[in-house]
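This report walks through one protein chain for a reader who has not met it before. It begins with the overall fold and then turns to the core, a few single residues and a pocket.

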Amino acid sequence: MLDHVTIGVRDLNRSQMFYDATLKPLGIERLYAEGEIFAGYGIGSKAFFWIGQRDGQQTGTHVAFTAQGRDVVDKFHRAALVAGGVDNGGPGLRPHYHASYYGAFILDPDGHNIEVVCHFPVATP
């Protein structure tokens, strides 16, 4: 079980603006900051996603957040594009993972692959 994840970013202020906007649809907000070095995001009082100032570019990181509905995946994707993210796979089903896997992928300002996924099937009336 994971407690938290930290990824390196080149420009903490730019990344804070990006994640402030893109994580909001998930109910995740910036909770903590450690000076000009780290910022922690979470729900309530628990930060579980951290960004930290790094000197060099880092790539290859993939972080996936869970959404409670497909509409939240769509909202994340729109917010991330407006905030300067690069589309890395628009909202949609990924049946090669499983029949109800609905996700979207964005590259953040440092090239990290950020995903939001909903595992629930579409609700029937």
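## Overall fold

The protein chain holds two helices and nine strands, and the coordinates described here belong to a predicted model. Read along the sequence, these elements follow the pattern β-α-β-β-β-β-α-β-β-β-β.

The C-alpha atoms of the chain fill a box of roughly 50 × 30 × 30 Å, taken along the principal axes. A compact globule of 125 residues would have a radius of gyration near 14 Å, and the chain agrees with this because its own value is 14 Å. Of the 125 residues, 42% count as buried. Among contacts between residues at least 6 apart in sequence, 51% join residues that are at least 24 apart.

## The nonpolar core

Which residues of the largest nonpolar core touch the most other members? This core has 25 residues, and those that touch the most other members are Tyr 19, Leu 23, Leu 26, Tyr 41, Phe 49, Ile 51 and Phe 65. At least two residues of this core are supplied by each of helix H1 (12-23) and helix H2 (70-82), and likewise by each of the strands S1 (5-9), S3 (38-43), S4 (46-53), S5 (62-66), S8 (102-107) and S9 (113-118).

Two of these core residues can be followed through their contacts, leaving aside residues up to four places away in sequence. Phe 65 touches Leu 23, Leu 26, Ile 28, Phe 48 and Phe 49, and also Ile 114, Glu 115, Val 116 and Val 117. Leu 23, which is found in helix H1, touches Ile 28, Tyr 41, Phe 49 and Phe 65. With a relative accessible area of 0%, Leu 23 falls under the 20% cut-off and is therefore buried.

## Two residues of helix H2

Val 72 has its place in helix H2, and Asp 71 is found in helix H2 as well. Are these residues buried or exposed, or do they lie in between? Val 72 counts as buried because its relative accessible area is 16%, whereas Asp 71, with a relative accessible area of 43%, is partly exposed. Leaving aside neighbours within four places in sequence, Val 72 is in contact with Pro 25, Leu 26 and Ala 67.

The table lists pairs of residues that are separated along the chain, together with the distance between their C-alpha atoms.

| Pair | Separation in sequence | C-alpha to C-alpha distance |
|---|---|---|
| Leu 23 and Tyr 41 | 18 residues | 8.5 Å |
| Val 72 and Gly 103 | 31 residues | 9.9 Å |
| Asp 71 and Cys 118 | 47 residues | 9.1 Å |

## The largest pocket

Rolling a probe the size of a water molecule over the atoms shows where empty space is left. The largest pocket has a volume of about 260 Å³. Its lining is made of 13 residues, of which Phe 48, Val 63, Ala 64, Phe 65 and Thr 66 lie nearest the centre of the pocket. The elements that give two or more residues to this lining are S4 and S5, and the largest share, four residues, comes from S5. By class, the lining has ten nonpolar, two polar and one charged residues.

Phe 65 links two parts of this account, since this residue is among those that touch the most other members of the largest nonpolar core and is also among the residues that lie nearest the centre of the largest pocket.

Notes. Residues numbered from 1 in each chain as written. Predicted model: local features only at pLDDT ≥ 70, side-chain atom pairs only at ≥ 80, totals over all residues. Heavy atoms only, no water. Core = buried A, V, L, I, M, F, W, Y, C linked by side-chain atoms within 4.5 Å. Buried < 20%, exposed > 50% of the residue type's maximum accessible area, 1.4 Å probe, protein only. Contact = heavy atoms within 4.5 Å. 1 Å grid on protein atoms, 1.4 Å probe; cavity = no way out; pocket = protein on both sides within 12 Å on 5 of 7 lines; lining within 4 Å. Points joined across faces, edges and corners; volume = space filled by probe spheres on them. Nonpolar A, V, L, I, M, F, W, Y, C, P; charged D, E, K, R; others polar. Rg over C-alpha atoms; globule rule 2.2 N^0.38 Å.
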